[in-house]
Amino acid sequence: MLENVKHVVLVLSGKGGVGKSSVTVQLALTLARAGKRVGVLDIDLTGPNIPRMFNVEEKKVHQAPGGWIPVKVGDTNSTNGGSIECMSLGFLLRDRGDSVVWRGPKKTAMVKQFLTDVLWKDIDYLLVDTPPGTSDEHISLAEQLRSVSTDGAVIVTTPQAISTADVRKELNFCKKVGLDILGVVENMSGFVCPHCSTCTNVFSSGGGAVMAEQFGVDFFGAVPIDPALNLMLERQKETTDGVELLERYGESKLCPVFVGIVEKLLAKTEKVVGNGSG
Amino acid sequence: MITLEVPVASEDVPQPSGAAPKLVAPEPEHCPGPESQQAGKMDACAGCPNQQICATAPKGPDPDIPLIQARMATIAHKILILSGKGGVGKSTFTSMLAYAFAQSPTTQVGVCDIDICGPSIPRMMGAENESIHSSSSGWSPVYIADNLGVMSIQFMLPNQDDAIIWRGPKKNGLIKQFLKDVEWGDLDFLLIDTPPGTSDEHLSINSYLKGSGVDGAVVVTTPQEVSLLDVRKEIDFCRKAGIKVLGIVENMSGFVCPNCEGESQIFHATTGGGRALAAEMGIPFLGAVPLDPRIGIACDYGEGFFDAYPESPACEGLMNIIKGLRGQMGLPPSEDGVEEMDES
């Protein structure tokens, strides 16, 4: 399982809608811009968002002898060899509005299949985007990944207490199942008004940093709200100037923030494989 | 070997009782469900360690359903708050709806939080440190006000931050207990706050409440397409499950800068937002609530937003939504209306 994958990083959060998928997407873009070959596995079965965000909703997964071939994002590799491939349940649905009404055992089987049957080809980083909570998908993921040396988890939260309260549960989940926590990303941290440039903390601020300190885990950084990112991802279809998402992301205000986060991520994962000390 | 399904606080959270037989191993892929008629007889059952147990377990309708119906008989209206997407404000909307209904002292309101892995209602209602009392007649909800009772798994945890690492069947068992064993009493409204997705919790609450009659579901979304994408799935689920959708609420719709009062779209509605989705699906659009940082702060501290900022645009939006919702349920626009007084 996952023989051709060098590093496995999970993106987790106890709370929904905090930006797990958008953090995953941006980590993937930033890693690819740094020349890494990235795989993105979306195991949010009832609410897959990754295909939409990479503008590959219409793509289909092909079955090859030995497994599924993941969907490639963009047509060309970036100049330094970085690339992104992704796999999601969204590709397997007949209609994008179809609901996936599955109880636990079926979800467990699907997660297992996603981990064992996808033909990743020489991937440096496999980012696993997860649904919110600490239930079937997470338990299965942790059980399946026990045999693989997982690098650990990036925990995403928003600053307000309602969100960190659920994310604390996720941190305890990680402890219980023995999953290393690479670091905490505080998303939606402040919004700069486009009219007067005042920063408003729409979902308060600092909650992620405080939580990281309390749990003794690394804080990777705070990511402000940038409506332009959502627009950039949403408008990929309409823009026809041939600029690939990888390049376009370089213009985003969030790109430098994620360069910082990825530096910390690389420093932790590229050191010695399988070390437990921080 | 470490087992992941460590029962959390097994003394505090009783094991689910009911039709499901005790299994000796996890269910296999394509498991028909241990309580189904085909249990133990399907192709998928061949070789399953549970096969014998499932095949010999008593079949037939769940014996707990009549008990749930008896509990639910004293509740006039049951409303589900749903969304395929997480973090769009289901719990916030639920708590505000509860406060709004409970403003009239004669209206009895209950809130049942079936988000097992991420319960937010207790904190939002300022009752995080409460615990549940049980008596011979059942568990009594935690009362926020005389006419506002709340039930959530959070009240059962020994430590606030404990993770609830449960697979589906255990979650279903607790949901059943919330319906069967909680002494809700005579309620005018029971609001059921759900986790995101379309899985065990949603299937269970629907099947447990089928016979008791649910008024319908309010679907909460945020304006951007990534959220609508998941919400579309939830509406598809409601159709399949036969749940009436009372309407769509668009939350976090637009943001007014407190400094310059300039409006901006944080979650841009590139595909028309909740309103367009409602039109597309043929569902009533109940209204939009703008993003107001004070709502988040009020939730963090467990204060009622209505009492604190009755004049804010967010409150106005909410009041309109509640009026629309009452209309959908065939109720008068407000509880303390003079017409009502005349009736009684």
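UniProt positions are given in the numbering used here, and the annotations may be inferred rather than shown by experiment. In this predicted model, the "binding site" feature of an unreviewed UniProt entry falls on A:Cys193 and A:Cys196.

A:Cys193 is situated in the loop that joins strand E10 (191-192) to strand E11 (199-200) of chain A, and A:Cys196 is likewise found in the loop between E10 and E11. A:Cys193 counts as buried because its relative accessibility is 1%. A:Cys196, by contrast, has a relative accessibility of 26% and therefore counts as partly exposed. When residues up to four places away in sequence are not counted, A:Cys193 touches A:Thr198 in its own chain, together with B:Cys257 and B:Cys260 of chain B. On the same basis, A:Cys196 touches B:Cys257, B:Asn259 and B:Cys260.

The UniProt record, again as an unreviewed entry, also places a "binding site" feature at A:Gly14, A:Lys15, A:Gly16, A:Gly17, A:Val18, A:Gly19, A:Lys20 and A:Ser21. Among these residues, A:Val18 occupies the loop between strand E1 (5-12) and helix H1 (20-33) of chain A, and A:Gly19 lies in the loop between E1 and H1. A:Val18 has a relative accessible area of 1% and is therefore buried. A:Gly19 is also classed as buried because its relative accessible area is 13%, which is under the 20% limit.

Beyond four places in sequence, A:Val18 touches A:Ser13, A:Val156, A:Thr157, A:Thr158, A:Ser163, A:Asn187 and A:Met188. With neighbours within four places set aside, A:Gly19 is in contact with A:Val156, A:Asn187 and A:Met188.

Key
Residues are numbered from 1 along each chain as its sequence is written. Chains are lettered from A and ligands numbered from 1 in the order in which they are written. This is a predicted model: local features need pLDDT of at least 70, side-chain atom pairs count only at pLDDT 80 or more; totals for chains, interfaces and linings use all residues. Side-chain values use heavy atoms; hydrogens and water are left out. Helices (H or I, at least four residues) and strands (E, at least two) are DSSP runs, numbered from the N terminus. Buried means under 20% relative accessible area, exposed over 50%, partly exposed in between (1.4 Å probe, protein chains only). Contact means heavy atoms within 4.5 Å.
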